[in-house]
Amino acid sequence: MSDVRAVEWSARVRFFRREVELHFFGQPSRSLTRSYKLWSVYPRFLGPAAGCFGAALMKDAALVRDIVHRIGREVQIPVTVKTRIGYDHCESHQFLHDFIQTVSAGGCRHFIIHARKAWLKGVDPKKNRSVPPLMYERVYYLCDQFPDLDFSLNGGVKSVKDAIDLVAGNWSDGTAETDALLRRVTKDKSIKPLKGVMIGRAAAADPCVLAGVDTEFYGLSSSPPSATSRRSVLHAYGQYLKRCDPDREKSVFPLLKPVVGVLSGMPGHRLFRFTLDRIMREKSHGMPAHAILQHAVSTVDESYPGVLDCDLGLPKECRYDKLPLSDTAEMPGTGI
C-alpha cells in the first residue's frame, strides 16, 4: 500500500480495532514498514499479511524477501505472505519452491497460498479468480517440502465442510502421485499439515456459510448465541454498529456491506438487499448504519414474517410457504 496516509486513517477508525487480518501490499518496503508499525500497537491484533497480493511481485522473490525482512525488524507481530502459486508461464513446482525458499529467508514463517496462478496480462482481476485452474496439490507439496513452515490454503473454498476436508487431506485430483503426497502430509508426524483454510468470497456473499464453524471446525460444544438465526446475527451486528463512531465514516456502505448477503438463498433476500441499497444510495438519507439495518429488517418482517427466525442450518433455496416457521417467531416491526 503505497499511500500510507490511508493506513493511518484506517488505524484511527474504531471499526477496525478488532481481531482482524490486514493485507498490505506493494513497495517500497519503507512505506510497508511504517504501515505495520501503525497496526502493531493493538494488542489483540492477529498476524497481518504483507506483500505479494500483487502477483507481479512474484517476479522478484528477493525484493519480497527484503520487504519481509525489513518489516520483521521493526515490528513485534508476525509477518505473513499471501501469494499465488505462480504467474503467466512461471508455474512449475521448482519456481514455487524457489520463491518460498527465498522469501522465507527474510523471516516469513506462514504463507497463505491462493492455489492458482495469476495471468498478469490479458485477464482482469475478476477472471483471475476463476480462469486459472485451482491446483490444491501444490499447497500440499509445500507442506511436504517445507515442514518447518506453516501454510494455509486459499481459493475456491465455499463451505466449512470444504475447509474440514482440505485440512484433513480428503481431496484428490485422481492421480497416484497426489494420493501418495496426501498420505505423507496427513500421516507423517514430521510434516505439518495445513495450518488453516481461507474462506473468502463465499463468506462475503453469504455470511451464514460460517454458521457452524465454531462447532464443526473448531470443535466447540455450541455456537455463540448470535449464531442461532439471521435475526440474532443482525441483532448482534446492529449493536456493534451502534458502538461504531459514525463520524469516522464518510459512507455507511463499508459498514453494511458485510451483511448484504445474510439472506442469500432465502425468501426476502432481494427485498433486504434492495432496501439497504436504496437507502445507501440516497445521499441525503441522514441515517446511521444501524438505523438503516433496522429499517431493512422491519421491511423483511413485514413482507416475510418469521423468515429471519429460521435456523441458520436450514437448507437454502426454499419456498416461503415451505418454511418451518415457529409460533415463537418475532412479529413484524420488532427490533434487532
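Confidence in this predicted model varies along the chain, with the lowest mean pLDDT, 37, in helix α1 (residues 4-11) and the highest, 97, in helix α4 (residues 93-104). Across the chain the mean pLDDT is 81, and 76% of residues reach 70 or more. Two stretches fall below a pLDDT of 50. In residues 38-53, where the pLDDT is below 50, the model nevertheless contains 57 contacts beyond near neighbours in sequence. For residues 327-334, also below 50, the corresponding number of contacts is 14.

The loop between α9 (213-217) and α10 (230-243) includes Leu220 and Pro224. Leu220 has a relative accessible area of 46% and is therefore classed as partly exposed, since this class covers values between 20% and 50%. Pro224, at 31% relative accessibility, falls in the partly exposed class because its value lies between those limits. The C-alpha atom of Pro224 is separated by 8.1 Å from that of Asp214, a residue 10 positions away along the chain. Asp214 falls within the residue range of α9 (213-217).

Leu220 also contributes to a nonpolar surface patch, in which its partners are Phe217 and Tyr218. Together, the three residues of this patch present about 320 Å² of accessible area. Phe217 is located at the end of the range assigned to α9 (213-217), whereas Leu220 belongs to the loop that follows. The relative accessible area of Leu220, 46%, satisfies the patch criterion because that criterion requires over 30%.

Definitions and conventions. Residues numbered from 1 in each chain as written. Predicted model: local features only at pLDDT ≥ 70, side-chain atom pairs only at ≥ 80, totals over all residues. Heavy atoms only, no water. Patch = residues over 30% accessible without salt bridge, like charges linked within 9 Å, V, L, I, M, F, W, Y side chains within 5 Å. Areas by Shrake-Rupley, 256 points an atom, 1.4 Å probe, with all protein chains shown as cover. Salt bridge = Lys/Arg side-chain N within 4 Å of Asp/Glu carboxyl O. Helix = DSSP H or I, 4+ residues; strand = E, 2+ residues; numbered from the N terminus. Buried < 20%, exposed > 50% of the residue type's maximum accessible area, 1.4 Å probe, protein only. pLDDT = per-residue confidence, 0-100. Contact = heavy atoms within 4.5 Å.
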